[in-house]
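Me: Please take a close look at one part of this structure for me, the backbone in its loops. After that, I'd be glad to hear about the strands and the cysteines too.

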Amino acid sequence: MSATKALTLFIFLQFAAYGQLYNEQIRPVLEKSCLPCHGPQTRSGGLDLSTRDGLLQGGEHGPAIVAGDAKASLLYKLVSHEVEPHMPYKGDRLPQETIDRIADWIQAGAPFEQAAASNVFRTQIKPLLEANCVRCHNSQVKRSGFDLSTREALLRGGDTGAVIVPGDAKSSVLYKRISHLEQPGMPFGGQKLPDAAIAQIADWINSGAPYDAPLTVGNAALNHWAFKLPVRPPVPEVRNAAWVRNPIDAFVAAAQEKRGLKPVAAADQRTLLRRLYLDLIGLPPTPAEMNAFLADHSKDAYEKVVDKLLASPRYGERWGRHWMDIWRYSDWYGWRKQNEVRYSQRHIWHWRDWIIESLNKDKGYDEMIVEMLAGDELAPKDPDVVRATGYLARNWYLYDRNVWLKDTVDYTAMAFLGITLKCARCHSHKYDPITHEDYYRFRAFFEPYDVRTDHVPGQPDLMKDGIPRVYDAHADTPTYRFIRGADANPDTEHPLTPAIPAMFGNAELKITSEPLPLEVYYPDSRSFVHHDLVAEAKADIERAETELRKSREELAKAKQQLAQQATPEPGGAGAGNRSSSDNAADDKGMAELLKAQASVALKEKELASARAALPAIEARIAADEGKYAASPAPNLEALESAALKAEQHANVVKAEENLLRAEQELAAAKPDSETYDKEAVKKLGEARTQLEAAAKALQSEDAYTPVGKVYPDSTTGRRLALARWIANKQNPLTARVAINDMWLRHFGQALVPTVFNFGMSGKPPSHPELLDWLAVELMDRNWSMKAIHRLIVTSNTYRMQSSDKNPNDQNAKIDPDNRYLWRMNEQRMDAEVVRDSLLSIAGQLDTAMGGPEIDAAKGLESHRRSVYFQDTPDLQVTFLKVFDEANPNECFQRNESIVPHQALALANSKLSLQVARALEEQITKRTGATAASDSEFIAQAFDVVLNRPPTSGERTESFKFLRDQEELLQDPKKLTPIQAGAAGDVKPESDAHLRAREDVVHVLVNHSDFVTIR
């Protein structure tokens, strides 16, 4: 061997030896004592000690080491305390032995060789972390704020601080969690790692946690079942094939057989028909409908009833209420005393009517989504479509636009996509691969939109009616990420553009701005608006003329009365002998005269104002028509000038009217009253200011005021692009979420229990194949909800009885929660169904559809369906609230409580008493009033109220109750009447026997079977 080769081998062996020294002794010291301040992220003094290049390059004070010369190296001088600042900074001096090892290492050329440790990381540790940890702790997901996909992020730790202490496994949170010494144990929700794997990770941490390459995140998060497109699975073959009516049954039977479950028997025909009616239209069948079904022995008798109910207008009202829960329907609320809207919009009921009508037409679920999110962009000229954007108008909030947009983003994601996007408002989502930026890019779709109200034909007053809708108002408004979710701290240096979360891939969204026609961007240019405004102005003149005529008649009457009082009666005493009562009468007559004169003066001003307003509105309309015509009118300048003059004159006359009114109010006020000091004086000042401004405007050359507001003449296309992405077959979530919502309301439990969270922290579906099969079926049926309803209610799964009443049943032991649908679930009627059913069985339900919301205070007086009553977070029908009406702020799944108030409401409410009395009268007319007809009366009462005949025991008890009540009521003087509540519209029977019959019906209305869907 030559001398050169020998020297090379010697140097190689030396470097290898010192490389081991670095791995075992130097690197742990640097990581523990130096890297916290001198790492790639911190770089205190510009120095990064994590690489050899960083050491050699140094920082602000030059190189950290001189390879081969420890005493000349700044690092050695600092750690040996030869120069200041002593290192570790503000820490104890390193042991001399450690300082000597650092010197030896520098003398050897400061090798960074770590081949052995790197090999251990690559072959043992990296696969473990990728398989068990990085899925939840990566740059996108960051559960608990922790990302271990790079060494830098690993050392930085998470929300609770450092996760590893290099060189000390037992002090490292990572080690404590994987060894289950500290909770929650990791992997979260999974099995504890094998002891050998835990030992490998401990050795790795003890060796300084060497880390030579980033971890591969892969598609762990995206492989989550809900984030993959649903594919129609094959319908399984099952042993219980005779039970299978349609594919739903096959999937359910497969899950049952896998667990040793057996479906219970089918419900009897009466129970099934009542269930179907209450489910599809929210009303019980009448006895005639029940008897017709029982008498129809054709094979498709049940299917015919299903089709009839799905075609009924009552279907849209029933299922419209379900979707209104999910979509947060609320009428306007705020400061009612001052008629101030703070949340939602006036006349939002137009959106409610659109929901009901769309369902009755079987409009596709996808089409409904697009119209609600972007109807103004999809069909801007069609008010029947545009009213759907009430979905977005409902989120309007007077005081804070960020709250308004927050609700829009959060609830759009939960309602249509089943993801908790709101978790990323303040930081990247801890469970799903949704970043902080993703949240605000989603918000950017909605950033431009605003809310307005458009006129409807026949109503010029927007306070009385109009269509609340959205439009793009602020196309240039940037979207900023709010740092930690604080709107006071926006990241203005990095505005964000609209984009769907990256977890869904690079979907191409065609965001195209589109021009709008005149009638859309200037809605008050429409001819019917002009017609209504002119008609209103003419009606104002007629009204003012009528009122002036009445005031003049009152003045003439006052003058006549005063003249009569002033004329002495023949033979009476002279004026000098008038009594004090005569003087008082004169004073009162004069006061009435002055009041009538003031009224006439004000009515004359009102008439003058109305007469000036008509030519003003006509002139402004003419100018608008000339200005916005396809070719501007040649005399446009003259039209605009005429409009300005007429408007100015009308303003002056109106100001004079207001001033006179304010002066009269001030004169009528008592000088020492608070009203005089504040309200009246304030109004007078405002009126004078208004008159001065109007008079001054006569000399101005300002332009006339257009008839209405002119809005932007184009859309951004953002919401339409988003809506089309959501309502798309390539979206993995939308159809699944819709199916889950429908299934929940048919069966009382959802396939995915976390109904608005299909993400990684949500619960998995009980029947994943069934969910996907139905999702694909929905899309393949053109998103027809009626098709899915029909499929569900015609299945044997739906037709089962709700209990076999066998306490020893094996099914209940295997699956006590009925997760795998071996029986039907009993459900308590929704609040609206309870109220509507009461009215329906008495034949008193008003089936008129649509229109403005009905005052919640009239819940026990009006007989309209409950869906049409006022519904806000602070205004609801009390009767409905008792039975768990939806919370308009958020209700993806209703509560189902059993509380005393419900029994009290059915027992004591005016509504239930009225229904009992009306029903008694109706049944008695059919059966007769004699005691001999009591048996038939009881049978019919059960049939009408409970849709079934009484059992023998119930018949016996009913007879006994009827006789006992009649005996009690024979002598009303012995009874104590209840003095509570308002009297009902239907008075109780005076005859004791008939009054007892009323009580029998009242008892049945309070029967648990009445409010239960079995």
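Reply: Happy to! One definition to start with: helices are DSSP runs of H or I with at least four residues, strands are DSSP runs of E with at least two, and both are numbered from the N terminus. Please keep in mind that this is a predicted model.

Let's begin with Arg-328. You will find Arg-328 in the loop that links helix H13 (313-326) to strand S1 (333-335). Although Arg-328 is not a glycine, its phi is positive, at about 65°. Its relative accessibility is 5%, so Arg-328 counts as buried, the cut-off for that word being under 20% relative accessible area.

His-347 makes a good companion. Its phi is positive as well, at about 60°, and His-347 is not a glycine either. The loop in this case runs between strand S2 (340-343) and helix H14 (349-360). With a relative accessibility of 7%, His-347 is counted as buried.

Now for the peptide bonds in the loops. Met-87 and Pro-88 are joined by a cis peptide bond, with omega about 0°. Pro-88 sits in the loop between helix H3 (74-79) and helix H4 (96-107). A cis bond also leads from Gln-183 to Pro-184, again with omega near 0°. For Pro-184, the flanking elements are helix H7 (173-178) and helix H8 (195-206), with the proline in the loop between them.

From the loops, let's move to a strand. Six of the six residues of strand S4 (residues 467-472) are buried, so S4 is largely enclosed by the rest of the structure. Cover is found on both faces: one side carries Ile-467, Arg-469 and Tyr-471, the other Pro-468, Val-470 and Asp-472, and all of these are buried. The partner of S4 here is strand S3 (residues 449-454), which runs antiparallel to S4 and is joined to it by six bridges. Within this pairing, Val-451 is placed opposite Val-470 of S4.

Finally, the cysteines, which may matter to you at the bench. The count of disulfides is zero, where a disulfide needs two cysteine sulfur atoms within 2.5 Å. Take Cys-423: the closest cysteine sulfur belongs to Cys-426 and lies 9.4 Å away, which is too far for a bond. Cys-423 is partly exposed, its relative accessible area being 34%. Cys-34, on the other hand, counts as buried at 10% relative accessibility.

Technical notes
Residues numbered from 1 in each chain as written. Predicted model: local features only at pLDDT ≥ 70, side-chain atom pairs only at ≥ 80, totals over all residues. Heavy atoms only, no water. Buried < 20%, exposed > 50% of the residue type's maximum accessible area, 1.4 Å probe, protein only. Pairing = 2+ DSSP bridges.
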